[in-house]
Amino acid sequence: MKKILLAVFLIVFFVSIISSQPELLSRKNYGINWYHYNTENFKIIYNKKVEASALKAGRLAEEIYSKQSEKLGLKFKKRYKIYISNIDDIPNGFTTPFNYIYIWADVSNYSTILTGYDKWLKSVLAHEMVHALIMENIKGWVDFFFPGSILALPREINEGFAQFYGNENWGAERGDIYLNLAVKNNDLSHSVETIDRGKLLYAKGFSKIKYLNMEYPDFKSTKLFKYRDFFGFFNWEKSFNKNFPISYKTFCNNWEKYMNVYYNWREGLSERSAELGTKIKNIEAVYIKSIKKNPGAEGFAFIGKKSKNSSDNRLYYFNQKFKKIKYLDSGGLTGDLNFNKSGTKIYFTKRHYTSKKAISTDIFSVDLKTKSIEQTTLDCKASNPVIVNDDLIFSKNNKGTMNLYNLNLKNKKLKKITDFNNKFQIFDININYKFSKITFSFLDPDIKKFGFCIFNYQNGKLTKIFTENKIRYPLIFPDNENKILLTVFENNLRVNLFSYNLENGKHRRITNQSNFLKAMDFDSTDGKILTIVQESRNKNEIFAVDKNRIPKNYPGKIREYYKKWLEIKTGYSFNNRNLKTRREQNKRYNHALHINKKLILPYPFNIENKLSGGFVGYFSDDIGKNTIITYLGYNHKDPINSNYGINFIYRNYFFDIKAGFNYLDFQNSDYLNKELMERNESYRFEISIPIYDNKSFFNKSEWGLGFVDDKNIVINRDIYNDGLANNSTINLQNLPEGYNARKLFFKYYSRKGTFYKNFPDNRFDFFIKIDLSNSFFGSDYNYEKINLSTDNIIGVNDKYSIRLNFNFEMLSGEIAPQNRLGLKYKKSNSSIDLFSGYLYTSEPTLRGLEHNIFNDKTLVQKLEIRNIINKSIMGLLFIDSGAVWDKNDYEILNYIGIEFKFNFNIYKLAAGISRRTDKLDEGYNYYWYIEPRKYLINMFKNIGG
Ligand SMILES: [Zn+2]
């Protein structure tokens, strides 16, 4: 059924690659009303719930723009669009190459992303606006086809500009931690092999642009971003070399030297990690985000990454008695966790789809014995759980302001404990081991200060303490309730442990080291502080630090040297409220009326057996609700029969509709390498309903129902038949000149993230499709066809996984001969087949088979033992086994072989060698093919924050 799928290949490929929106925006965005208004330079598009923020955003945007455009010497050429939504609780924003920024407003815990003290909307707008200004100004002719210019600007430089000119503060979380470790580990690479690559990329960029401003305080970016080479392309390095007295290479060397001196000097005046306390053995991970000791048993719960290959943070339990680590959950874990008093359950925060199809955080619990996971709070932007008796205490975000709440787990009553307002932010809620007092840290963006709070659970008293330094993870001493342990970001740079005396307000230093650490818990048995220490980029350790220890002090000063560094700023602020008035009234914003061009890609077509030119166009509104994919392939011999197609995808809250018309040449199937060309005229309509899983982003399913009307003409029938006449092994009769095929189809697809061990790819896919073709619909052939397939990847460890694939197809009735079922050989690619990779799982191919074998029923089973050699190469050993049969006849084939898959750029190249197990005299078979990779999605967006 390749002809019908061809249009789908195009749709699937372009939608998943170019339209990043369905990946980023939750379904709820399609089900709400949007409004808009214009200011002088901006169009603000927003949903009703966030109206107050949206009205402010226009004024803020104008103010930020006036400052930044002057400083950078860059301007927008036309009115720029800013989307504001609070549907999803995602502390982020992104800038697209398509003239718009998208910002999630009213988010929780944003200061862990941006280290400024400003309110989120202002900070994120200032950051994204820099991206937008740069992106719009480096565009050239190539961007008419494809947003390619932005790829010529190194991402670290892009992020560096955004952080610096977005007025962010250089500090521990925004740079220092990551650059410090990279310098000390003598490894500044941010390759995909490293666990902290994203954060380090931001850190390097930020410090480079800071350093550039230190060396050349008066430079303007206008010329830097207006540079174009001979072919009209932007090129960062060439532009830099032209606009500065030193080359970019020399500049980078100078920058590296400056950073080396600072960090090594700082390290020389600090304690070694090994001196801090005793290392807790057996908890080994490349990254540990948080850890808590079980108050009821010998063990620890921790969230982190055990392997460099891990794609996200996972929740583990380490049983100290049996030295065993147990996997509990993954997907959307934010990092906070706490035990109940008996130590039987862990409560943790998870980002997930709510029942209303938005993305939110909620508190989940996992039972250590049964491993069963339950959602405790319901769709309420909740995080930071602690448990006292039957009460769950947590923070809840309401329109950007966070407060402490109490949910009684028995009677389900929810009570608000605190009364903070104006976007107050709460983090790091902890409870002392007596379960009487709660501590948490906060950011008060109104007065731009961090601090910490103590909440006495027994008498309801709340004490708020402001601090000059940034404080995280406050903990009450086990033996003295007047003493608090604090993780202090000293001048927002070095991070150390201090104790704080509530009676006299005095700090006492406990550590004097230079790396990042965080105090997570007290070991109540010996009063030691459970501390995560990061001494290496790819190794985190847990230390038990004595709270009474006296730190070592080293003579010498580094402050003067680095003070200069911290003082390099943009020289402007966004506080003077020079605000423009609105020019237009708010109006409803209909996305269907704002579909615009996203891409026009030149694209090769195979028309009447000749390679021919053409293009694929992709048009969409900015949130991906309405999408049009169209293409044109020029037929040199017969322009009237040029190929074209138009396909439409509409998404709403409940379902997707796909409809299209395609007039297209395609290669139907290969019989002994003789290409059969058909021209297909098809109408297609499909409705599908996606089902969301509230517990995991990994799980998804979809029901679909559709109708296809095909009219086919065989183009090279005579040549083809002549070719076949010479080969008696091919059993094909009565190849029609043309035929009509009309069919109704039903499909169901589901994916489950199965039990995880270490491997990033564990999953189980199930797919069923039933086709019904009948003369009643006007079809020339009556048949029913069933395709059932499963695809299962089981992780063994970080390096190895096993893949099991089953594909069963059954036909009853009659079908056009060229569409018969059978075992297919894995074809090397011609131009258009590049896209078939997307439906690879439903193709009953055998690696090694030299020609197709047809019959009414086929079963293909594949077993692969896969070895991840590194992020760009995977090796696999496979056994492909196929059976093809009907009432009278059957054939079974088995192949064994080795395959390598190489990731390069946007494609995956596979090459292999195989041999038939029962007919060794057939010798070896070599093959190769190309598939598109899915990671392209990330190329087109610029995740801010
Ligand atoms: Zn950014």
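# A nonpolar patch, two open sheets and an enclosed helix

V796, Y800, I865, I869, L877, I898, F900 and F902 together make a nonpolar surface patch of about 650 Å². The elements that give two or more residues to this patch are β47, spanning residues 857-870, and β49, spanning residues 890-904. The largest contribution comes from β49, with three residues. The model described here is a predicted one. One of the patch members, Y800, belongs to strand β43, which covers residues 800-813. Y800 has a relative accessible area of 38% and is therefore classed as partly exposed, since that class lies between the limit of under 20% for buried and over 50% for exposed.

Two of the sheets can be read in turn. In one of them, an open sheet of four strands, the order is β15-β16-β17-β18 and the pairing is antiparallel. The edges of this sheet are β15 (382-388) and β18 (414-416); each has a single partner strand, so one side of each is left without a neighbour in the sheet. On average, neighbouring strands here are turned by 30° against each other, with direction ignored. At the β18 end of the order, β17 (residues 401-408) pairs with β18 through three bridges in the antiparallel sense. Among the residues involved, Y405 has K416 of β18 as its bridge partner.

The other open sheet also consists of four strands, in the order β23-β24-β25-β26, again with antiparallel pairing. Its edge strands are β23 (470-476) and β26 (507-509), and because each has a single partner strand, one side of each is left without a neighbour in the sheet. The average turn between neighbouring strands of this sheet is 30°, direction ignored. The edge strand β23 is joined to β24 (residues 483-490) by five bridges, and the two run antiparallel. Within β24, F489 is the residue that stands opposite K470.

A further strand, β28, covers residues 528-536 and contains I532. The relative accessibility of I532 is 1%, so I532 counts as buried. A544 is 12 residues away from I532 along the chain, and the C-alpha atoms of I532 and A544 are separated by 9.0 Å.

Burial can also be followed in a helix. Helix α5 runs over residues 155-165, and 10 of its 11 residues are buried, so the helix is largely enclosed by the rest of the structure. The general geometry of such an element is relevant to how this reads: an α-helix has 3.6 residues a turn, so residues three or four places apart point the same way. The buried residues of α5 are E156, I157, N158, E159, G160, F161, A162, Q163, F164 and Y165. Just after α5 comes N167, which takes a positive phi of about 65°.

The cysteines come last. How many disulfides does the structure hold? The count is zero. Two of the cysteines can be placed by their accessibility. C252 has a relative accessibility of 15% and so counts as buried, under the limit of 20%. C453 is buried too, with a relative accessible area of 0%.

How values were computed:
Residues numbered from 1 in each chain as written. Predicted model: local features only at pLDDT ≥ 70, side-chain atom pairs only at ≥ 80, totals over all residues. Heavy atoms only, no water. Pairing = 2+ DSSP bridges. Axes fitted to C-alpha atoms, helices over the stretch in contact; angles between N-to-C directions. Patch = residues over 30% accessible without salt bridge, like charges linked within 9 Å, V, L, I, M, F, W, Y side chains within 5 Å. Areas by Shrake-Rupley, 256 points an atom, 1.4 Å probe, with all protein chains shown as cover. Salt bridge = Lys/Arg side-chain N within 4 Å of Asp/Glu carboxyl O. Buried < 20%, exposed > 50% of the residue type's maximum accessible area, 1.4 Å probe, protein only. Disulfide = S-S within 2.5 Å.
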